[in-house]
Amino acid sequence: MEKTQSHYNRIAAIFFLAVAVFFAVYARSVEIGTWNEPGPGFLPFWAGITLAAMSVALLIGSYARKAWPARPSFFPKSDSWKRVLATFLSLIAYNLLLNPLGFTLSTFLFLAFLVKFIFPQTWTRTLLVSVLGSVIARLLFINFLETQLPKGFLGF
Amino acid sequence: MDIFSHILLGVQVVFQPMNLLFCFLGVLMGTLVGVLPGLGPTAAIALLLPNTFHVSPVTAIIMLAGIYYGAMYGGSTTSILVNIPGEAASVITCLDGYQMALKGRAGPALGIAAFGSFIAGTVSVIGLMVVAPPLAKFALAFGPPEYFSLMLMGIIILIYLASGSILKALMIFVFGLLLSTIGMDAISGTQRLTFGILELSDGVGLIPAIMGLFGVAEVIANVEEEMKRDLVTAKVKNLLPSLQDWKDSFWPIIRGSFLGFFIGILPGPAPVISAFSSYAIEKKLSRYPEKFGTGVIEGVAGPESANNAATGGAFIPLFTLGIPVNSVIAILLGAFMIHGIQPGPMIITKHPELFWGTVMSMYLGNAMLLVLNLPLIGLWVQVLKVPYPILFPLILLFCLIGVFSLNYSQVEIALMIGFGVFGYLARKFQFEMAPLVLAIVIGPMMENNLRLALVISQGSPMIFITHPISAVFIFITLALLISPLVPWIGKRRQKLQEKVEGEEV
């Protein structure tokens, strides 16, 4: 079945409704206060209620209107999801490896992976970009700008 | 002090070697990100913000402002040469600019874009000098209810001008308000939703949010499929427009400058809207409207002037009210706070060197841009040839370093990745990101002003209507919210939406 905007709106409405309810309930635990003397929970509570009301409106709207324009499929190409997922995972991996491996090495691996596997380039190009990229970034940020990036167990 | 001694003060600030250097770096970076598609001024400013911590606030603001208006210059280059707008404000320049390039007139097109931008930049700097100080004095009378209503009006104008669905934009704004309540409450000191994580008690960081929403999400959307580009490879020559070109462009540039400046003051994607409006006006006024789209120079001169002037106008609410009108200004506001400057109407009086220094640097920066963009155009064409498969890992790396070097915190990198996922999905679901960014910045201010106003009025929300200035803001807000329901206005707004849809605000 063709996905239309109404499907998207429905999913979004449910997501925001859940967020809104969570904040509104949470706000009660940090003291909403009174109108005379609003407490730390005042804004989260009322904003949560407002968001919940708007989510319901979006949900109702998605059923009320019949003629929705069809949307292109979620991923433009059948293999798009692989690249999207791989890029996200490489970001997470970088964050995890940064401390143990150190800035220079993890940057090299990060760049090499993305250049080689997202839109595959030749090995020469991959090595050129990742070596130059990590060395220049290291010199620029650690040696020149004196940013305190982790050096890792190898000490560089 | 009269205006001349102020200008003198500004000149003194600008010509300190450090400030000259940073002004140059700013416009250079701005041109670069303007040229590179897929990396907008918002992400670039967020990226460089951490590197400005060790310099004085005025130096930092000078550089960050340079990136903003520099990007407007750079954006025109890609529009004209590759038919890909480097950033959203240059979309309209593609229409006639690229056609001119196909006809072998890329030189004059680039030339008039640069000169037009320079003239417009000058007009908007003068406008800023004239309008901002008196407006700041007026704003001194504002109390909590006025500020709250003003911010509410600002955000509604932004949503009204920039968003396809007002309901969805409002939802994302309120969602942003909720996120902005995470952290320590400024009035009572209560920790809210921090789960004991130290980084969160300062609130959700603006920089990780922006890098995620505009940097990471943008890159991820671009790796879905390979981008194709056709570069007009013919050598660019004859950059100086002919006398006839100047005759044709003179009034479009002047009109574009004033139009851009005044639209720039309003919240929203001012550079984009002003460029579109300028194009529409020039087409309407032209003796040969049918030729627009085939490579007429007015279609480049007007919009390019307008988007540059708009960047100057956008600084007015920042310096007079301390309120951001778009994501870029929101980051500058964040920069003020990081450097310990309380934004608001007192900025110009308390920190004259900051205001006048920035204003004069914009003047100098525009001159630098002229030099950077005309003789060095060949260099930027080379930059354009860097293939995206090599470019995007580097952009991601910059985002990672930028966020990490802020607080040396891996929690913030994780936050950035989280915002990246959210931003990527939200685009697919057709939600805009600008209301979210603005909410994160002004959320705490709105909350404090709301609570103070309620304390002042002893719990009566009527205070927002009984104070006359506040009442005007509330009235405008309500009018904007109701007006799309009026069929005639609703249709016109929809037309505007089709033009600005999906643009970075």
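**Entry 1: where the chains meet**

I began with the contact between the two chains of this predicted model, and I found 46 residues of chain B in contact with 54 residues of chain A. On the side of chain B that touches chain A, I noted four helices that each supply at least two residues, namely H8 (166-180), H18 (388-407), H19 (410-428) and H20 (434-456). The largest share of that side comes from H18(B), which gives 9 residues. Sorting the side of chain B that touches chain A by class, I counted 28 nonpolar, 9 polar and 9 charged residues. For the model I also wrote down the scores, which are ipTM 0.92 and pTM 0.84.

**Entry 2: chain B**

I then turned to chain B, whose secondary structure comes to 23 helices and 2 strands. Its C-alpha atoms fill a box of roughly 70 × 55 × 45 Å along the principal axes. I checked the radius of gyration as well: a compact globule of 505 residues would have one near 23 Å, and chain B agrees with this at 22 Å. Buried residues make up 60% of the 505 residues in chain B. Looking at contacts in chain B between residues at least 6 apart in sequence, I saw that 80% join residues at least 24 apart.

As for confidence, chain B has a mean pLDDT of 84, and 92% of its residues reach 70 or more. I marked residues 501-505 of chain B with a caution, since there pLDDT stays under 50, although the model has 14 contacts beyond four places in sequence for them. Where pLDDT is low, the predicted coordinates should not be read in detail.

**Entry 3: chain A**

Chain A comes to 5 helices and 0 strands, and along the sequence I read the pattern α-α-α-α-α. Here the radius of gyration is 24 Å, whereas a compact globule of 156 residues would have one near 15 Å. The C-alpha atoms of chain A fill a box of roughly 60 × 50 × 20 Å along the principal axes. Buried residues make up 29% of the 156 residues in chain A, and among its contacts between residues at least 6 apart in sequence, 59% join residues at least 24 apart.

The domain assignment of chain A gives domain 1 (5-64) and domain 2 (80-144), and I noted that 40 Å separate the centres of these two domains, taken over C-alpha atoms.

**Entry 4: the largest nonpolar core**

Which residues have the most contacts inside the largest nonpolar core? I found that they are Leu64(B), Ile210(B) and Val437(B), in a core of 208 residues. Domain 1 (5-64) and domain 2 (80-144) of chain A both give residues to this core, so the core lies between them. I followed Ile210(B) further and found that, leaving out residues up to four places away in sequence, Ile210(B) touches Thr42(B), Ala43(B), Ala46(B), Ser327(B), Ile331(B) and Val437(B).

**Entry 5: a loop residue in chain A**

Last, I looked up Ile32(A), which sits in the loop between helix H1 (5-29) and helix H2 (42-64) of chain A. Is Ile32(A) buried or partly exposed? I count Ile32(A) as partly exposed, because 18 other C-beta atoms lie within 10 Å, while a buried residue needs 20 or more. Not counting residues up to four places away in sequence, Ile32(A) touches Ala27(A), Gly39(A), Gly41(A), Phe42(A) and Phe45(A). Of these I checked Phe42(A), which is 10 residues from Ile32(A) in sequence and 4.4 Å from it in space, C-alpha to C-alpha.

Terms used
Residues are numbered from 1 along each chain as its sequence is written. Chains are lettered from A and ligands numbered from 1 in the order in which they are written. This is a predicted model: local features need pLDDT of at least 70, side-chain atom pairs count only at pLDDT 80 or more; totals for chains, interfaces and linings use all residues. A nonpolar core is a set of buried Ala, Val, Leu, Ile, Met, Phe, Trp, Tyr and Cys residues joined through C-beta atoms within 7 Å. A residue is buried if 20 or more other C-beta atoms lie within 10 Å of its own, exposed if 12 or fewer, and partly exposed in between; C-beta atoms are placed from the backbone. Domain bounds come from an automatic or database domain assignment. Two residues are in contact if their C-beta atoms, placed from the backbone, lie within 7 Å. The radius of gyration is taken over C-alpha atoms; the globule rule is 2.2 Å times the number of residues to the power 0.38. Ala, Val, Leu, Ile, Met, Phe, Trp, Tyr, Cys and Pro count as nonpolar, Asp, Glu, Lys and Arg as charged, and the others, Gly among them, as polar. pLDDT is the predictor's confidence in each residue, from 0 to 100.
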